[in-house]
Amino acid sequence: MRAATLLLLLAAALAAAPTPYLSPSAVVAAPSGKLLYITEYTAARVAVFDLVQGKTLRHIALPAPPGGIALSPDGATLYAAVGALAGEVLVISTTTGAITA
């Protein structure tokens, strides 16, 4: 079997593999009602889901698995509790996805 054929078969098998379960554990809606922020515990990130388009827009990587999230009243800031033992709360800009504190 040629190497190119083997690589194509491997790529097809990987593409067909089921998506791993990411342990969604908390959801908060933006004030506009158009976005959802969903914690993905296993992946240590927050998914930003657009309800109008019906798809995930981006992921915000976190340094540890998130336990809970809250959104500021204006929707500009997301707060994520991470590190079950350390009890850290991250402050995240919803515009950029950057951890600001």
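1. Ala-80 is buried, with a relative accessible area of 0%, and this residue of the predicted model is a convenient place from which to read the fold. Ala-80 belongs to strand E6, and, once residues up to four places away in sequence are set aside, Ala-80 touches Leu-62, Gly-68, Ile-69, Glu-88, Val-89, Leu-90 and Ile-92. For one of these, Ile-92, the separation from Ala-80 is 12 residues in sequence and 7.7 Å in space, taken C-alpha to C-alpha.

2. The sheet that holds E6 is an open one of 3 strands in the order E5-E6-E7, and its pairing is antiparallel. E5 and E7 stand at the edges with a single partner strand each, so one side of each has no neighbour in the sheet. On average, neighbouring strands here are turned by 25 degrees against each other, direction ignored. E5 and E6 run antiparallel and are joined by 5 bridges; within E6, Ala-80 is the residue that stands opposite Ile-69.

3. Ile-69 deserves a separate remark, given the list of residues in contact with it. With its neighbours within four places in sequence left aside, Ile-69 is in contact with Ala-26, Val-27, Val-28, Tyr-37, Ile-38, Thr-39, Val-46, Leu-78, Tyr-79 and Ala-80. Two of these residues, Val-28 and Tyr-37, are also bridge partners, Tyr-37 lying in E2.

4. The other sheet described here is likewise open, with 4 strands in the order E1-E2-E3-E4 and antiparallel pairing. Its edge strands are E1 (24-29) and E4 (55-61), each of which pairs on one side only, and the twist from one strand to the next averages 25 degrees. E1 pairs with strand E2 (residues 35-40) in the antiparallel sense over 4 bridges.

5. At the other end of that order, E3 and E4 pair in the antiparallel sense over 6 bridges, and Val-46 has Ile-60 in E4 as its bridge partner. E3 and E4 form a hairpin with 4 residues between them, and Gly-54, which lies in the turn, has a positive phi of about 70 degrees; a reader inspecting the backbone may wish to look at this turn.

6. The largest nonpolar core has 16 residues, and those with the most contacts inside it are Tyr-37, Val-46, Leu-62, Ile-69, Leu-78 and Ile-92. The elements that give two or more residues to this core are E1, strand E3 (45-50), strand E5 (66-71), strand E6 (77-82) and strand E7 (88-93). The largest share, 3 residues, comes from E6. Read beside the contact list of Ile-69, which includes Tyr-37, Val-46 and Leu-78, the core can be followed residue by residue in the model.

7. On the polar side, the count comes to 1 salt bridge by the rule applied. Side chains of opposite charge can pair when their charged atoms come close. The pair in this model is Arg-45 with Glu-40, whose closest N and O atoms are 2.4 Å apart. As to burial, Glu-40 counts as buried because its relative accessibility of 10% falls under 20%, whereas Arg-45, with a relative accessible area of 23%, is partly exposed.

Methods:
Residues numbered from 1 in each chain as written. Predicted model: local features only at pLDDT ≥ 70, side-chain atom pairs only at ≥ 80, totals over all residues. Heavy atoms only, no water. Pairing = 2+ DSSP bridges. Axes fitted to C-alpha atoms, helices over the stretch in contact; angles between N-to-C directions. Core = buried A, V, L, I, M, F, W, Y, C linked by side-chain atoms within 4.5 Å. Buried < 20%, exposed > 50% of the residue type's maximum accessible area, 1.4 Å probe, protein only. Contact = heavy atoms within 4.5 Å. Salt bridge = Lys/Arg side-chain N within 4 Å of Asp/Glu carboxyl O.
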